[in-house]
Amino acid sequence: MKVQVEKKPESVSTLKIELPAEEVSKEWDVIANSFARFAKIPGYRPGKAPRAVIDKRFRKEIQEEVTKKMVSKSYREAIEQKKLRVASLTNLEDVQFGDDKSMKFQATIVTAPEFKLPDYRSIKVELPDAKVTDAEIDATLARLRDQAADFVDAPDRPAQMEDFAVIDFEGTLDGKPINEVAPNSSKNLHGGKKFWLRLAPDNFLPKFCEQIAGQKKDETRAVPVDFLEDFLVKELAGKQASYSVTLREIKEKVLPEINDEFAGKLLPGKTLTELRHQIEHDLEHEKEHQVEHAKEEQIVKYLQEKTKFDVPPPLLRNETKRALTELVQRNRARGIPDEMLKEKEKELIETAGSVAYHRLKTNFILERIAEQEKIEVTREDVDHRIRHEAQHYNISSDKMRKELEEHDGLNALAEQILLGKTLDFLKANVSVQPVSEEQKNERK
């Protein structure tokens, strides 16, 4: 097999691969013979047609089968022969057969960057305190108590701060409804019916709650709102809107007592002491995750800072597109309208580019460490992950595998597993540094 490598800009290379006639002929004969055994050709009994007839009659089909088998096999051998680190195969093309059954084709690849790995064993990390304190258990109990609060009608009095007001309200700007002035903005800016609002400083719209304090049930008030110059909705930025607010109900928040009865409602049959133990256990589990996350974050930061190389531009462009799609979807899920996203397009693209660069660089480094440490992904690793993903989506493992195969997702899954195993290896070998009291205080 002859292999020529033609290097091009942006880490792109073209491989010209030529296979000898004898090697292709051998594969051609195997496939042609399988056709001959089952072919039905007028004038010949099954399996008795001459090879020349088979070759002529099924040349296109035989050639397609030979191409499928020989191209992927010889491509892999060419990569190994030239000792190339391939980051991405972008194209296999221009397959040609000679009259003597020789074969040649081209492969376009993006090569991985060359770089020297830093000393990645015993990376120094500082970890958060994993011990659960009584104060943290008390704080969790307070949150649970707050979530279990009842809301009762306030006595016959005006609304006051810290009440929960149930209001009907409608906003206008220069006499026009806000839903006409800024139709793509949040519906809560337009108005609403039976809208629950906690009356607290800086809650909801600027100075909105303060103006409702003192309002009586069934009273209607005009509430002016001055939007800041940098307000996200450009139609309202720097302008004053007016809201007609009718107070329908005034609710007081009543917190339950923290006792065995309270504990039993959260964990049937359990006492307050047992509830505290359960909270402690949950917080310990949560802190274990925080410790692992802190390790991972500091490991990646160290590797990024200690390793210098350029990410191949074609990969960076593709990854930036993917990261941009993710950013847009997340923002849409948060209720940000497309019009606003369009205005922030430049910022979003810059953010996506930064995310893509960081992600690709990290992956290249981790893959090289995996190679150095001979970390591999086994069939059992893949099967275990498929079972886990199948359970998450409540489908069978066979269906999950089939969907991954149909969308060419098995390689991506194997890569995720490899990166995870490599990070686990690095986390198991970190050097934990003590944190001074001064640093602990700074983090509080």
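**Exercise 1.** In this predicted model, decide whether phenylalanine 195 is buried or exposed.

*Solution.* Start from the relative accessibility of phenylalanine 195, which is 18%. Buried means under 20%. Phenylalanine 195 therefore counts as buried.

**Exercise 2.** Classify phenylalanine 204 in the same way, then describe how its ring pairs with that of phenylalanine 195.

*Solution.* Phenylalanine 204 has 26% relative accessibility, so it counts as partly exposed. For the pair, two values are needed, because a pair of aromatic rings is described by the distance of the centres and the angle of the planes. The centres of phenylalanine 195 and phenylalanine 204 are 5.2 Å apart, and their planes make an angle of 40°. Planes under 30 degrees apart count as stacked and those over 60 as edge-to-face, with the rest tilted. The pair is therefore tilted.

**Exercise 3.** What type of aromatic pair do phenylalanine 169 and phenylalanine 208 form, and which parts of the chain does the pair tie together?

*Solution.* The structure holds 15 aromatic pairs. In the one made by phenylalanine 169 and phenylalanine 208, the distance is 6.1 Å centre to centre, with 70° between the planes. This pair is edge-to-face. Next, place the residues: phenylalanine 169 belongs to strand E7 (residues 164-173) and phenylalanine 208 to helix H7 (residues 208-212), so the pair joins parts that are 39 residues apart in sequence. Both residues are buried. Finally, Phe169 and Phe208 belong to one aromatic cluster together with Phe195, Phe204 and Tyr243.

**Exercise 4.** Describe the surroundings of leucine 348.

*Solution.* Leucine 348 is found in helix H12. Its relative accessible area is 13%, so leucine 348 is buried. Leaving aside neighbours within four places in sequence, its contacts are Leu324, Leu327, Asn331 and Leu341. Take leucine 327 from that list: it is 21 residues from leucine 348 along the chain, and the two C-alpha atoms are separated by 7.3 Å.

**Exercise 5.** Which helix gives the most residues to the largest nonpolar core?

*Solution.* The core has 30 residues. Those that touch the most other members are Tyr120, Ile299, Leu303, Ile365, Ile369 and Leu426. Helices H9 (272-306), H12 (345-373) and H15 (410-428) each supply at least two residues. H12 gives the most, with six. For one of the core residues, isoleucine 365, the contacts beyond four places in sequence include Phe115 and Leu303.

**Exercise 6.** Over which rings do lysine 101 and arginine 368 lie?

*Solution.* The charged end of lysine 101 sits over the ring of tryptophan 28, 4.8 Å from its centre. Arginine 368 lies over the face of phenylalanine 115, 4.3 Å from the ring centre.

Definitions and conventions: Residues numbered from 1 in each chain as written. Predicted model: local features only at pLDDT ≥ 70, side-chain atom pairs only at ≥ 80, totals over all residues. Heavy atoms only, no water. Core = buried A, V, L, I, M, F, W, Y, C linked by side-chain atoms within 4.5 Å. Buried < 20%, exposed > 50% of the residue type's maximum accessible area, 1.4 Å probe, protein only. Helix = DSSP H or I, 4+ residues; strand = E, 2+ residues; numbered from the N terminus. Contact = heavy atoms within 4.5 Å. Phe/Tyr/Trp six-rings, centres within 6.5 Å; stacked < 30°, edge-to-face > 60°. Lys NZ or Arg CZ within 6 Å of the ring centre and 35° of its normal.
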